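Q: Could you pick one part of this model and give me a close look at it? I'd like to know what it pairs with and what sits around it, in plain bench talk.

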Amino acid sequence: MNIRICILMISCFILTETFGQGFYNRYSYRTKRHEITFGAGASSCLTDLGGGDEAARGFLWDIDLAKTNFTGNFSYVYNISSRFSIRSSLSFAQISGDDALTSEFYRNNRRLNFVTSLIEGAGIIEWEWIKARTGSRYNVRSPAGRYLGVKRGTGFGFYVFGGIGGVYFDPSGYDRFIDENGRSIGSGVKYKLRPLQTEGKSYNNIAICVPAGFGIKKAFNSQGGIKLEAGYRFTNTDYLDDVSDVYYDWENNGGSEAQITMSGTRSGHTWNYIGYAVDENGNPAPYPAEGTPDPTLTGLRPYRATYTHTEPGFQRGNPDNDDSYMFLTLSVYKKFTNRTKSYRTISVNRKRKVKASF
């Protein structure tokens, strides 16, 4: 009999401690469901242009720190529980890339560049893995003996997020590149690239983006604080930089001077080729347009030709990898108190707790 009484008392104690601790904090988010955030920071991208000094390896290895740009954002957050919230955000940013900044031969030889503004709208779900808490000023205790707030309000919170949205972009490029002697070549004129159809086709300048990342949160008090957030944006387009597929021959397809120049076709370093104007059966065949007969060479109908690494049909970009971009932002947030239905719910629950404790 004594053992049963002890077990019952211990069980009541555990339940009291559990619900007593959870009661005072569990529903506090209901009084501050609404939150706004303003932030600014740095932006970068992973596209076909620019990048590291080695062959493209993808992901973060090819980020070009020299082309870091800016971003700014505004968000509205609705707290649906103590740890989960939904966020609608609007961001404005700029990203850019330039082949002149990489020493990897084939990318540097393209002599292409771009810059574009981004306007992004997204819906995001946040999960606050570690809560950012502030201390109780007077260390007030609950009837169960638990502090209503932590003794030291210096803890940082940690959260992860993911969502989906849309991004608008409109790349431009400069008729400007650095030649093999380090000289700046070109008129320096800035062109809108999408209307030029540099690869012989157009593309949509609105794409789907998938934001994902994490953040560190520091609450100054129950009303606000700051966030440091790193976010990566996957997209379903390969044209943030206007480069994706192969070189197009605008010169022989009625292209304008701007289309010929900004496509980059037949530009860059040259290399010499020795061939023979014969068919597969060894019979004489026409010399190619670029070929010059050279009787000093041995063999049947020999010729020399000078080519670039940017001939029509040669690889200009990599259509198998879509472009992406990322933000690193420092934000301030402000929560708004609503003392209506949610406050009364807490009060009702508190009364039930007091009655149950006697």
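**A close look at Trp-271**

A: Let's go with Trp-271, which is partly exposed at 33% relative accessible area (buried is under 20%, exposed over 50%, partly exposed in between; 1.4 Å probe, protein chains only). Keep in mind that this is a predicted model, where local features need pLDDT of at least 70 and side-chain atom pairs 80 or more, while totals for chains, interfaces and linings use all residues. Numbering starts from 1 along each chain as its sequence is written, and side-chain values use heavy atoms, with hydrogens and water left out.

First, some background on ring pairs. Searching the whole structure turns up 18 aromatic pairs (ring centres within 6.5 Å, taking the six-membered ring of Trp; planes under 30 degrees apart are stacked, over 60 edge-to-face, the rest tilted). One of them joins Tyr-159 and Phe-161: their centres are 6.5 Å apart and the planes meet at 40°, so this pair counts as tilted. Both Tyr-159 and Phe-161 are buried.

Now back to our Trp. Trp-271 teams up with Tyr-307 in another tilted pair, with 5.7 Å between the centres and 40° between the planes. Trp-271 belongs to strand 12 (residues 270-276) and Tyr-307 to strand 14 (residues 302-308), so the pair ties together parts that sit 36 residues apart in sequence. Strands here are DSSP runs of E, at least two residues long, numbered from the N terminus. The two partners aren't equally covered: Tyr-307 is buried at 17% relative accessible area, whereas Trp-271 is partly exposed.

The rings aren't the whole story, as the backbones join up too. Strands 12 and 14 run antiparallel and are joined by seven bridges (two strands pair if DSSP finds at least two bridges between them). If you want a spot to click on, try Asn-272, which stands opposite Thr-306 in strand 14.

Zoom out a little and you get an open sheet of three strands, ordered 12-14-13 with antiparallel pairing. Strand 12 and strand 13 (291-293) are at the edges with a single partner strand each, so each has one side without a neighbour in the sheet. Strands in a sheet generally pair through backbone hydrogen bonds.

So that's the setting of Trp-271: its home is strand 12, and its ring partner Tyr-307 is in strand 14. And if other rings catch your eye, Phe-84, Trp-127, Trp-129, Phe-158 and Phe-214 make up one aromatic cluster.

Technical notes
Helices (H or I, at least four residues) and strands (E, at least two) are DSSP runs, numbered from the N terminus.
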